[in-house]
Amino acid sequence: MKFVQIIDFETDRPEEMQQLIEEAGRSAGRTGGPTRSMLLKDRDRPNRYLALIEFASFEEAMRNSDDPETSRMAERLDALSLDERVFTNCDLVDARDLE
């Protein structure tokens, strides 16, 4: 089953945060790496963002978490965040394009 991690954070440096998330996307294809990502901006709270990171499975996501590259990226995320990030771990039950 696919797995999605949602990272809820606030930043006043959105361009740098977006660049960091794009770098994570370039690691897609490595064992345990993310398969898809989305970055959402909260319209009601100007500095709030949600990053949705999809993995092939929970197990792949956990292997990714153990990768030293992921730890370095987490440190960079911390430096760009205004407060503590909130993580939500989800099993993907259904996804479809509605167009």
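Helices and strands here are DSSP runs, numbered from the N terminus, with at least four residues for a helix and at least two for a strand. The model you are looking at is predicted, and the exercises below walk you through it.

**Exercise 1. Find which strands supply at least two residues each to the lining of the second largest pocket, and describe that lining.**

Step 1. Start with the space itself: the second largest pocket has a volume of about 210 Å³.

Step 2. Look along its wall. Among the lining residues are Val4, Arg36, Ser37, Met38, Leu52, Ile53 and Glu54.

Step 3. Match these to elements. The strands β2 (36-41) and β3 each give at least two residues to this lining.

Step 4. Sort the lining by character: six residues are nonpolar, one is polar and five are charged.

**Exercise 2. Decide whether Val4 is buried or exposed, and work out what surrounds it.**

Step 1. Place the residue: Val4 belongs to strand β1.

Step 2. Apply the cut-off. Buried means under 20% relative accessible area. Val4 has 12%, so Val4 is buried.

Step 3. List the partners, setting aside residues up to four places away in sequence. Val4 touches Leu52, Ile53, Glu54, Thr88, Asn89, Cys90 and Leu92.

Step 4. Pick one partner and compare sequence with space. Asn89 is 85 residues from Val4 along the chain, yet their C-alpha atoms are 6.2 Å apart.

**Exercise 3. Describe the largest nonpolar core and the surroundings of Met17.**

Step 1. Count the members: the largest nonpolar core has 15 residues, and Phe9, Met17 and Ala51 have the most contacts inside it.

Step 2. Trace the core to its elements. Two or more residues each come from β1 (3-10), α1 (14-26), β3 (48-55) and α3 (68-80).

Step 3. Zoom in on Met17. Beyond its neighbours within four places in sequence, Met17 is in contact with Phe9, Thr11, Leu77, Leu80 and Ser81.

**Exercise 4. Find which element gives the largest share of the lining of the largest pocket.**

Step 1. Begin with the volume, about 390 Å³ for the largest pocket.

Step 2. Turn to the wall. It is lined by 24 residues, and Gln5, Ile7, Asn64, Thr70 and Met73 lie nearest the centre.

Step 3. Name the contributors: β1, α1, β3, α2 (58-65) and α3 each give two or more residues to this lining.

Step 4. Choose among them. Helix α3 provides the largest share, with five residues.

Step 5. Finish with character: the lining divides into 16 nonpolar, five polar and three charged residues.

Terms used: Residues are numbered from 1 along each chain as its sequence is written. This is a predicted model: local features need pLDDT of at least 70, side-chain atom pairs count only at pLDDT 80 or more; totals for chains, interfaces and linings use all residues. Side-chain values use heavy atoms; hydrogens and water are left out. A nonpolar core is a set of buried Ala, Val, Leu, Ile, Met, Phe, Trp, Tyr and Cys residues joined through side-chain atoms within 4.5 Å. Buried means under 20% relative accessible area, exposed over 50%, partly exposed in between (1.4 Å probe, protein chains only). Contact means heavy atoms within 4.5 Å. On a 1 Å grid over the protein atoms alone, a cavity is a set of points where a 1.4 Å probe fits but cannot get out, and a pocket is an open set with protein on both sides within 12 Å along at least five of seven lines; lining residues have an atom within 4 Å of a point. Grid points are joined across faces, edges and corners, and a volume is the space filled by probe spheres set on the points. Ala, Val, Leu, Ile, Met, Phe, Trp, Tyr, Cys and Pro count as nonpolar, Asp, Glu, Lys and Arg as charged, and the others, Gly among them, as polar.
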